[in-house]
Amino acid sequence: MVRVGFGYDAHRLVEGRSLVLGGVTVPHPTGLLGHSDADVLTHALIDALLGALCKGDMGQHFPDTDPAYENVDSLMLLEKVMVWVREEGYRVGQLDSTIVAEKPRLSPHLAAMRHRLSGVLGVSFARVSVKAKTSEKMGFCGREEGMEAFAVVSLVRENRTD
Ligand SMILES: [Zn+2]
């Protein structure tokens with residue numbers, strides 16, 4: 001059996017914050033604002049995994065009112081969600097994702113993001129896709145007010161021998 005999940009996230013860009021995308025810190029004068037590290041790509045991926053499991057969304061499981069999640073590394077939250085994926089008897093089949101950002105140019109950093117995410121997801125680099133697009137200066141991403149990310153993930157039933 002295959003399950004599919006879709007996730008979306010958006011965060012505001014502000015000065016004085018690190019820009020963290022897919023667990024990779026990208027040099028940039030502004031960073032994403034949020035309770036955690038505001039890793040918009042990882043958050044979209046978490047929502048995609050929760051969606052595939054029909055387990056609601058990230059805000060329900062990791063509320064931004066909880067001090068435990070203040071400035072937390074979002075890959076740690078992803079690890080928690082992967083525990084639930086495995087407990088339900090699934091493994092990740094494939095991830096495809098897109099970050100929408102006017103600046104900086106993200107293509108030099110995409111391979112590092114794929115490496116970090118593939119490690120946490122327990123799936124090969126070749127099955128993890130991270131793409132980046134601008135919105136051609138339109139909307140909040142185009143005005144560099146924020147970034148958004150979209151992710152689609154498939155989960156496949158783990159063959160259990162126990
Ligand atoms: Zn988020």
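How many disulfides does a search of the whole structure find? It finds zero. A disulfide here is a pair of cysteine sulfur atoms within 2.5 Å.

This is a predicted model: local features need pLDDT of at least 70, side-chain atom pairs count only at pLDDT 80 or more, and totals for chains, interfaces and linings use all residues. Residues are numbered from 1 along each chain as its sequence is written, and side-chain values use heavy atoms, with hydrogens and water left out.

**Exercise 1. Describe the burial of cysteine 54 and cysteine 141.**

Step 1. Fix the classes. Buried means under 20% relative accessible area, exposed over 50%, and partly exposed in between (1.4 Å probe, protein chains only).

Step 2. Take cysteine 54. Its relative accessible area is 66%, so it is exposed.

Step 3. Take cysteine 141. Its relative accessibility is 3%, so it counts as buried.

**Exercise 2. Find the protein donors of the zinc ion and place them in the fold.**

Step 1. Define a donor. Donors are N, O and S atoms within 2.8 Å of the metal (3.2 Å for Na, K and Ca); water is not among the atoms, so sites may look incomplete.

Step 2. List the donors. They are Asp9 (OD), His11 (NE2) and His43 (ND1), lying 2.0 Å from the zinc ion.

Step 3. Read their spacing in sequence. The pattern is D-x1-H-x31-H.

Step 4. Locate two of them. Aspartate 9 is in strand β1 (residues 2-15) and histidine 43 in helix α1 (residues 40-52), so the pair ties together parts that are 34 residues apart in sequence. Helices (H or I, at least four residues) and strands (E, at least two) are DSSP runs, numbered from the N terminus.

Step 5. Check burial. Aspartate 9 and histidine 43 are both buried.

**Exercise 3. Count the salt bridges and work through three of them.**

Step 1. Set the cut-off. A salt bridge is a side-chain nitrogen of Lys or Arg within 4 Å of a carboxyl oxygen of Asp or Glu.

Step 2. Count. The whole structure holds six salt bridges.

Step 3. Take glutamate 88 and lysine 55. Their side chains meet at 3.3 Å, N to O. Glutamate 88 sits in the loop between α3 (74-87) and β5 (90-100), and lysine 55 in the loop between α1 and α2 (58-61), so the pair ties together parts that are 33 residues apart in sequence. Glutamate 88 is partly exposed at 35% relative accessibility. Lysine 55 is also partly exposed, at 29%.

Step 4. Take arginine 91 and glutamate 158. The closest N and O atoms of this salt bridge are 3.5 Å apart. Arginine 91 belongs to strand β5 and glutamate 158 to the segment after β7 (146-157), so the pair ties together parts that are 67 residues apart in sequence.

Step 5. Take glutamate 144 and lysine 103. In this salt bridge the closest N and O atoms are 3.9 Å apart. Glutamate 144 lies in the loop between α5 (139-142) and β7, and lysine 103 in the loop between β5 and α4 (110-121), so the pair ties together parts that are 41 residues apart in sequence.

**Exercise 4. Describe helices α3 and α1.**

Step 1. Check the span of α3. Its 14 residues reach 20 Å from first C-alpha to last, close to the 20 Å expected at 1.5 Å a residue. The expected span is 1.5 Å times one less than the number of residues.

Step 2. Find the buried residues of α3. They are Ser74, Leu75, Leu77, Leu78, Val81, Met82 and Val85. Seen down the axis of α3, they fall within an arc of 150°, so they line one face of the helix. The arc is that of the directions from the helix axis to the C-beta atoms.

Step 3. Name the partners. The buried residues of α3 pack against α1, α2, β5, α4 and β7. Contact means heavy atoms within 4.5 Å.

Step 4. Turn to α1. This helix is mostly covered, with twelve of its 13 residues buried. Among them are Val40, His43 and Asp47.

**Exercise 5. Pick out unusual backbone angles.**

Step 1. Recall the background. Most residues other than glycine have a negative phi, and most peptide bonds are trans.

Step 2. Look at alanine 38. Its phi is near 60°, a positive value. Alanine 38 is in the loop between β4 (30-33) and α1.

Step 3. Look at lysine 137. Its phi is near 65°, again positive. Lysine 137 lies in the loop between β6 (128-133) and α5.

Step 4. Look at the bond from lysine 103 to proline 104. This peptide bond is cis, with omega near -5°.
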